[in-house]
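Here are my notes for your read-through, set out as numbered points. Please keep the model open beside them as you go.

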Amino acid sequence: MVFSSAVAFSKLLLRLCISTLRVFVSVSPIVWRWTAGALKGTSSAHGILEERKVQNAMTPTSVNYHFTRRCNYKCGFCFHTAKTSFVLPLEEAKRGLRLLKEAGMEKINFSGGEPFLQDKGEFLGELVQYCKQELQLPSVSIVSNGSMIKEKWFQKYGDCLDILAVSCDSFDDATNQLIGRTQGRKSHLDNLYRIRGWCQQYKVAFKINSVINTFDADEDMTEHIIKLNPVRWKVFQCLLIDGENAGETALREAERFVISGQQFREFVDRHSSVSCLVPESNEKMRNSYLILDEYMRFLDCREGRKDPSKSILDVGVTDAICFSGFDEAMFLERGGKYVWSKADMKLDW
Ligand code: SF4
């Protein structure tokens, strides 16, 4: 009795061992593949990219596309210089813009270089029209030095443009000459006032961008700004970027234009009565813009230079944006999201 029970128990134990072994044999390849895959994934570039994608899942809500680096001005502090003359074919640029729209873009800003230089403003006009009419973006804007804009451009494309920002650092033409914010002996200020009139006439919101530097830091611009009445007056502290306006490979030497944080604050305080003023110190400015270069690569400014990602045309927006260095929190803190569609501005044209 005892013997037969022992034999039965041994048989049961053997069956259990065999079935456990079967389960282990069938499951182990899965466990092995999963473990090996995970280990391989974390140690490879692909794994790093996947990690970054999870950590940096962000939407390209507002994008600055510098489609050309060429410019007819020679501002001494320029931080996007003519290092190449490359411009994407129009259809490729449109393809990239569609990818951005599909990834969540709401605002596009075209910049340069001087964006009106390419094909006498027609390239820019086509992109503006495409973004408003085809992609239906809430906001389409341009930053320009203003020197190449003709009235017929407004007649043709003005409807599709929400905001035009014109750069102006001084209301003294002699100072603009010293800065390089001019072409030959032409008056930058005459252009500025002429464009202000066209913006009103063709219902485009008008904005002014000023870079505060050693040459204009002591100026009081209040009277002119109130007269021009922009929807926004962006005031930037002159910024050094290695490879652009500082360092051995740069096309500019901007060190002599740099002002201290204290000088910048004094300029801002002097203009505190101007309600449309939006100040941006170096700290606020550096990583709070999503910048696309002429190849549609995001530029990462975290190391004080512009490190490019791969092009969104090659790897898509999600993979490229991980390498943009974009600080979304700072973007929101500096008021990067505002009423940016002219339909919502309730302007008294
Ligand atoms: S206008 Fe001046 S700052 Fe702007 S792209 Fe031309 S040179 Fe550079």
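1. Met 296 sits in the loop between strand 8 (290-292) and strand 9 (297-300). Please look at its backbone in this predicted model: phi is positive, about 60°, although Met 296 is not a glycine. Is Met 296 buried or exposed? Its relative accessible area is 0%, so Met 296 counts as buried.

2. Lys 120 makes a good companion case. Its phi is also positive, near 50°, in a residue other than glycine. Lys 120 belongs to the loop between strand 2 and helix 4. Its relative accessibility is 76%, and because the cut-off for exposed is over 50%, Lys 120 counts as exposed.

3. The loop between strand 2 and helix 4 also holds Gly 113. The peptide bond joining Gly 112 and Gly 113 is cis, with omega at about 15°. Gly 113 is worth a second visit, as it is one of the residues around the ligand.

4. Which residues surround the ligand? Besides Gly 113, they are Cys 71, Tyr 73, Cys 75, Cys 78, Asn 145, Arg 181 and Arg 252. By type, this shell divides into four nonpolar, two polar and two charged residues.

5. Two members of that shell, Cys 78 and Arg 252, turn up again in the surroundings of Glu 244. Glu 244 lies in the loop between strand 6 and helix 9. With 3% relative accessibility, against a cut-off of under 20%, Glu 244 counts as buried. What is Glu 244 in contact with, leaving aside its neighbours within four places in sequence? The list holds Arg 69, Cys 78, Phe 79, His 80, Thr 81, Lys 83, Ala 250, Leu 251, Arg 252 and Lys 306.

6. Staying with strand 6 (residues 232-237), four bridges join it to strand 7 (residues 277-280), and the two run parallel. One bridge partner to check is Leu 277 in strand 7, which pairs with Trp 233. Between these strands the chain passes through helix 9 (residues 261-270), giving a right-handed β-α-β crossover.

7. Helix 4 (residues 122-134) has 13 residues, and its first and last C-alpha atoms are 17 Å apart, close to the 18 Å expected at 1.5 Å a residue. Its buried residues are Phe 123, Leu 124, Gly 125, Leu 127, Val 128, Tyr 130, Cys 131 and Lys 132. A reminder for reading such lists: an α-helix has 3.6 residues a turn, so residues three or four places apart point the same way. The buried residues of helix 4 pack against strand 1 (62-66), helix 3 (90-102), strand 2 (107-111), strand 3 (139-144) and helix 5 (151-157). Just after helix 4, Gln 136 takes a positive phi of about 55°.

8. Helix 7 (residues 188-201) can be checked in the same manner. Its 14 residues should span 20 Å at 1.5 Å a residue, and the end C-alpha atoms are 20 Å apart, which agrees. Buried here are His 188, Leu 189, Asn 191, Leu 192, Ile 195, Arg 196, Trp 198 and Cys 199. Their cover includes helix 5, strand 4 (163-167), helix 6 (173-179), strand 5 (205-212) and helix 8 (222-228).

9. Finally, the chain as a whole. It has 14 helices and ten strands, and 50% of its 349 residues count as buried. Among contacts between residues at least 6 apart in sequence, 74% join residues at least 24 apart.

Methods. Residues are numbered from 1 along each chain as its sequence is written. This is a predicted model: local features need pLDDT of at least 70, side-chain atom pairs count only at pLDDT 80 or more; totals for chains, interfaces and linings use all residues. Side-chain values use heavy atoms; hydrogens and water are left out. Two strands pair if DSSP finds at least two bridges between them. A crossover is right-handed if, with the strands pointing away from the viewer, the path from the first strand over the helix to the second runs clockwise. A residue is near a molecule or strand if one of its heavy atoms lies within 4 Å of it. Ala, Val, Leu, Ile, Met, Phe, Trp, Tyr, Cys and Pro count as nonpolar, Asp, Glu, Lys and Arg as charged, and the others, Gly among them, as polar. The expected span of a helix is 1.5 Å times one less than its number of residues. Buried means under 20% relative accessible area, exposed over 50%, partly exposed in between (1.4 Å probe, protein chains only). Contact means heavy atoms within 4.5 Å.
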